[in-house]
Amino acid sequence: MRNDSDGRGAQGEQLDVAIRESRTAAARRLRHIRQHHPEGPWTLAALAERSGVSQRALASAESSEGSNVTLETLVKVAHSLGISRPAYFLDEEVFRQVNAEFTALAEMKRQQVEGVSLRVSNQAGQSAASVHELTQLLTGILDNAERVRGALQELPSPSDQLSPPDESGS
């Protein structure tokens, strides 16, 4: 094993790289959700107030170096934004799934959907895969509803189809 000047070797370097990459990913995801949340975008001050995390800590966590953000900070931010999986900030798959769910919610809000009722049949709740499938299903339903709405708007209205009576008396 190769020794570096700090005596930690290649494994220490790999660990440092993994830590830097995780910090950068968490910082990028924190900025993303703050700017793209369905109820946002959020300023640092507004997110700080909502999450109970100081504005300074949030700014530091969002910095390009992604300072030593704590799990407590990530959990508080996730909870305050309705994200039940704090792994959102560390796991790419969870990040994509949650963003897809928020996209579907934003579309439902845009289409003025007032509620959705779901029934869970197992005690453990829904797996990430089933939540993802449900998100895709809802997105498909919303897309189809939008296409139908557009098609219906292009149809002539019933009043356009009625012709005025013939005034010639014939």
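Two residues are in contact here when heavy atoms of theirs lie within 4.5 Å. Keep that in mind as we walk through this structure, which is a predicted model.

Let's start with the overall layout. The chain has 7 helices and 0 strands, so reading along the sequence gives the pattern α-α-α-α-α-α-α. Of its 170 residues, 24% are buried. Look at the contacts with a separation of 6 or more, and you'll find that residues 24 or more positions apart account for 56% of them.

Now pick out helix H1, which runs over residues 9-36. Its 28 residues reach 41 Å from the first C-alpha to the last, close to the 40 Å expected at 1.5 Å a residue. The buried residues of H1 are Gly 9, Gly 12, Ala 25, Ala 26, Ala 27, Arg 29, Leu 30, Ile 33 and Arg 34. What do they pack against? The buried residues of H1 pack against H2, H3, H4 and H5.

Follow the chain out of H1 and you come to the loop between H1 and H2, where Pro 41 is found. There's a detail to check here: the peptide bond joining Gly 40 and Pro 41 is cis, with omega at about 5°.

Next come H2 (residues 44-51) and H3 (residues 55-62). In general, a pair of packed helices is described by the angle between their axes and the distance between the axes. For H2 and H3, the axes come within 8 Å and cross at roughly 115°, and the crossing is right-handed. On the H2 side, the meeting residues are Leu 44, Ala 45, Leu 47, Ala 48 and Ser 51, while H3 brings Gln 55, Leu 58, Ala 59 and Glu 62. Sorted by type, the residues of this contact come out as 6 nonpolar, 2 polar and 1 charged.

Glu 62 deserves a second look. This H3 residue counts as buried because its relative accessibility is 9%, below the 20% cut-off. Leaving aside neighbours within four places in sequence, Glu 62 is in contact with Ala 27, Leu 30, Arg 31, Arg 34 and Leu 44.

Let's move on to Tyr 88, in the loop between helix H4 (71-80) and helix H5 (92-110). Is Tyr 88 buried or exposed? Its relative accessibility is 0%, so Tyr 88 counts as buried. Beyond its neighbours within four places in sequence, Tyr 88 is in contact with Arg 29, His 32, Ile 33, Ile 83, Val 94, Phe 95, Val 98 and Asn 99. Tyr 88 and Ala 26 make a nice example of how the fold brings up distant parts of the sequence: 62 residues separate them, yet their C-alpha atoms are 8.4 Å apart.

One of those partners, Asn 99, sits in helix H5. The side chains of Tyr 88 and Asn 99 are joined by a polar contact of 2.9 Å. Asn 99 is itself buried, because its relative accessible area is 15%. Not counting residues up to four places away in sequence, Asn 99 touches His 32, Ile 33 and Tyr 88. Notice that His 32 and Ile 33 are also on the contact list of Tyr 88.

Finally, head past H5 into the loop that leads to helix H6 (128-154), where you'll meet Gln 112. Phi of Gln 112 is near 60°, a positive value in a residue other than glycine. With a relative accessible area of 66%, Gln 112 is exposed.

Conventions. Residues numbered from 1 in each chain as written. Predicted model: local features only at pLDDT ≥ 70, side-chain atom pairs only at ≥ 80, totals over all residues. Heavy atoms only, no water. Helix = DSSP H or I, 4+ residues; strand = E, 2+ residues; numbered from the N terminus. Buried < 20%, exposed > 50% of the residue type's maximum accessible area, 1.4 Å probe, protein only. Polar contact = N/O pair within 3.5 Å; in protein donor to acceptor, adjacent residues only side chain to side chain. Axes fitted to C-alpha atoms, helices over the stretch in contact; angles between N-to-C directions. Left-handed = near helix turned anticlockwise from the far one by under 90°. Nonpolar A, V, L, I, M, F, W, Y, C, P; charged D, E, K, R; others polar. Expected span 1.5 Å × (residues − 1).
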